[in-house]
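Student: Hey, I've got a structure open and no clue where to start. Can we go through it together?
Tutor: Sure, let's pick one residue and work outwards.

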Amino acid sequence: EMDASSEVSRSDPLESCTNAGEVLTLKVSRLVFDQTRRAQLLKTSSQNDIVEEIFSSLVSPIDLEIRRLITQNGTTTSENKAVDKNSPSTLLQSDRSHHPRMHSHGDQMYLYYYELMADHFAKNTSEAEEFKKCSRGLWSNVLFPGIFTMLLYKTFLPAGKSWENEVDGQEAVVSESSSSDKFSQLQNFNVFIKGASRLFSYDEDINQFTFAPIFEFMMNDILLNPDNSNISFQGFRSLLGSISRFYLYYDLDFELQTFINDICNIYGELIENNLLRPDEKNSPTKTRRIHKKVVEILVDEITLQIKEIKDANSLEKMLGKLRILKYVNMNKLTKNRIQILLNSYLSPGGPFFPPRAVRKMARKVMEFLFPRGKRVRLVIHSLFRLLHPFYWPFSLTHWIFTNCVIFVRLILGHNEDPKVKSRQDKPSSQALRVIAWPIKTTASIYRQTRSAVWKRISQTFWPSKRKY
């Protein structure tokens, strides 16, 4: 009987809706609820299929005709409601037109279904709370934290406090929650941060900006919101870590120094109480120490994320964006961490085995950030390259041939950058194969001979002790 009454209550709003945008939103909401409840009753394999279906449905882009229907019916912005040009949401919508992923879509507000559903759950907080309760059984699924974040990122605020939305024009009220409510809020907050990190990593792996609205909202409306300065230190550290990891990737035309100053101004007291020693709290350089602590957290998260990047193009772009750190005041420990990161991408071997484009970008960034000692590093790097006779002939051959191509193109008067297109030209690649063939053949013969000789020696002096 309860299920039947709930179905009737859900069908009533759908039948009473005359707006096409609201009908679409309620249908998608009902589909998400039904599939979520169904997935919890199934085994792991079937459950994964349903969760993947929900994820792909929310990430799929909205058709242009449906988007026009939504905007014409006034679901994105109400005609009767006065719009404040200085409000964070209005500025956020206007800033999104400058993002790379917006260039081919114009000024439409909703590009993906998860944005439409996030606004729906932000307006209907009762449905958001119901979804939090009915989805607890799927938190262990790999993809579900991302779904949780996509649907509820506009209703989520830091753990430890519960914010009630405006009701009947009244102001927002901050109320202390009980211990059980705080624990459930902390669990929801952890799932939210985990899902956001996975979504941003997914964007970075495929070199897209699908979840840029979530990143913008987390940075502007949650982290940089002065009203959230009373959150717990764990919540602040998790938020700052998630934003710092992908700050350089999304590149929102927001100056890094301004971002660091805003963090210090909003959360200065929180950082002072949890990260500074007692003697540092009373020192005249307290503000500078707080600034360096924020920079240290930022650089640590950026370096950790760069080490996890698998795509060579994304890695090259992220290393190039490290140039922005030149204008940030850092201590020696933070500078050493950046140098260690760049040094690991300068050599062609392990542990990362970077391609030539990544090594070249790492060398340029190293010379830009740390110009002092450039020649000494070059000499040491060249000497260590001589210890690997299998790799340096390829690099020497590539360098000679690239410079010959540059010289020929300059004589012929070509204006294109030969360094960029020399690797993609078929004649140059074929010539490199011809030149490198004797070296590869000799190396393979040497390896086979060495393995055969070593196998013969081991069988002679250390025979097997097996009894057949």
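Tutor: Keep in mind that this is a predicted model. Start with Arg 359, which is buried yet has no salt bridge.

Student: OK, so which side chain of opposite charge is nearest to Arg 359?

Tutor: That's Glu 316, and it is 12 Å away. A salt bridge needs the nitrogen and the oxygen within 4 Å, so Glu 316 doesn't qualify.

Student: Where is Arg 359 found, and what is it in contact with?

Tutor: Look in helix 18, residues 356-369. Leaving aside neighbours within four places in sequence, Arg 359 touches Tyr 345, Leu 346, Ser 347, Pro 348, Pro 354 and Ser 395.

Student: How many salt bridges does the structure hold?

Tutor: There are 13. Try Arg 237 and Glu 301, whose side chains meet at 3.2 Å, N to O. That pair links distant parts of the chain: Arg 237 sits in helix 11 (residues 233-245) and Glu 301 in helix 15 (residues 286-307), 64 residues apart.

Student: Is Glu 301 buried or exposed?

Tutor: Glu 301 is buried, with a relative accessible area of 9%. Arg 237 has 27%, so it counts as partly exposed.

Student: Got another one for me?

Tutor: Yep, Glu 280 and Arg 289 form a salt bridge at 3.4 Å, N to O. Glu 280 is buried at 7% relative accessible area, while Arg 289 is partly exposed at 34%.

Student: And what about Arg 337, which residue does it form a salt bridge with?

Tutor: Its partner is Glu 296, and the closest N and O atoms are 3.7 Å apart. This one also links distant parts of the chain, since Arg 337 is in helix 17 (residues 332-344) and Glu 296 is in helix 15, 41 residues apart. Arg 337 is partly exposed at 28% relative accessibility, and Glu 296 counts as buried at 17%.

Student: Which residues do shared partners join into one network?

Tutor: Arg 237, Arg 245, Glu 301 and Glu 308 are joined that way by their salt bridges.

Student: Changing topic, how do helix 6 and helix 7 cross?

Tutor: Their axes come within 5 Å and cross at roughly 105 degrees. That makes helix 6 (residues 113-123) roughly perpendicular to helix 7 (residues 125-134).

Student: Which residues make that contact?

Tutor: On helix 6 you've got His 120, Phe 121, Ala 122 and Lys 123, and on helix 7 there are Thr 125, Glu 127, Ala 128 and Phe 131. By type, they divide into four nonpolar, two polar and two charged.

Student: Why is helix 8 described as largely enclosed?

Tutor: Because nine of its nine residues (144-152) are buried, helix 8 is largely enclosed by the rest of the structure. Among them are Phe 144, Ile 147, Phe 148, Met 150 and Leu 151.

Student: Can we zoom out? How many helices and strands does the chain have?

Tutor: The chain has 22 helices and two strands. It runs to 468 residues, of which 39% count as buried.

Student: And what share of contacts joins residues at least 24 apart?

Tutor: If you take contacts between residues at least 6 apart in sequence, 69% of them join residues at least 24 apart.

Conventions. Residues are numbered from 1 along each chain as its sequence is written. This is a predicted model: local features need pLDDT of at least 70, side-chain atom pairs count only at pLDDT 80 or more; totals for chains, interfaces and linings use all residues. Side-chain values use heavy atoms; hydrogens and water are left out. Axes are lines fitted to C-alpha atoms, for helices over the stretch in contact, and angles run from 0 to 180 degrees between N-to-C directions. Helices (H or I, at least four residues) and strands (E, at least two) are DSSP runs, numbered from the N terminus. Angles under 35 degrees count as roughly parallel, over 145 as roughly antiparallel, 65 to 115 as roughly perpendicular and the rest as oblique. Contact means heavy atoms within 4.5 Å. Ala, Val, Leu, Ile, Met, Phe, Trp, Tyr, Cys and Pro count as nonpolar, Asp, Glu, Lys and Arg as charged, and the others, Gly among them, as polar. Buried means under 20% relative accessible area, exposed over 50%, partly exposed in between (1.4 Å probe, protein chains only). Lys and Arg count as positive and Asp and Glu as negative; His and the chain ends are not counted.
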